Amino acid sequence: MHDQWVGSASGLPQEGQSVEFVLDGREVAMCGTYVERTFRSHWSDYPIERVRSWRPANFDSRDTASA
């Protein structure tokens, strides 16, 4: 089961933590890492101000096998 979403205004992940995050104006979550006060995905870096909510990434064997 996944953790509940946290509003970025309410708190931020730990440095280097794997996260799922949703940008303002979007409905689909992206996977990435929180590094240097930035949410990083495979494609780009996003400042905190653009991230609506986040949650810790819970990768299971199915997720890592498809990556």
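Is Glu-36 buried or exposed, and at what relative accessibility? In this predicted model, Glu-36 counts as exposed, its relative accessibility being 57%. Glu-36 is also a participant in the salt bridges of the structure, of which a search of the whole structure returned three.

Glu-36 pairs with Arg-40 in a salt bridge whose closest N and O atoms lie 3.4 Å apart, and Arg-40 in turn forms a salt bridge with Asp-45, for which the corresponding closest N and O atoms are separated by 3.6 Å. Glu-36, Arg-40 and Asp-45 are thereby linked in a network of salt bridges. With regard to solvent accessibility, Arg-40 is partly exposed, with a relative accessible area of 29%, and Asp-45 likewise counts as partly exposed, at 41% relative accessibility.

A further salt bridge is formed between Glu-20 and Arg-55, where the closest N and O atoms are 3.0 Å apart. This pair links distant parts of the chain, since Glu-20 belongs to strand E2 (residues 18-23) and Arg-55 to strand E6 (residues 51-56), the two residues being 35 residues apart. Glu-20 has a relative accessible area of 13% and is therefore classed as buried, the criterion for that class being a value under 20%. Arg-55, with a relative accessible area of 13%, is buried as well.

Notes
Residues numbered from 1 in each chain as written. Predicted model: local features only at pLDDT ≥ 70, side-chain atom pairs only at ≥ 80, totals over all residues. Heavy atoms only, no water. Salt bridge = Lys/Arg side-chain N within 4 Å of Asp/Glu carboxyl O. Helix = DSSP H or I, 4+ residues; strand = E, 2+ residues; numbered from the N terminus. Buried < 20%, exposed > 50% of the residue type's maximum accessible area, 1.4 Å probe, protein only.
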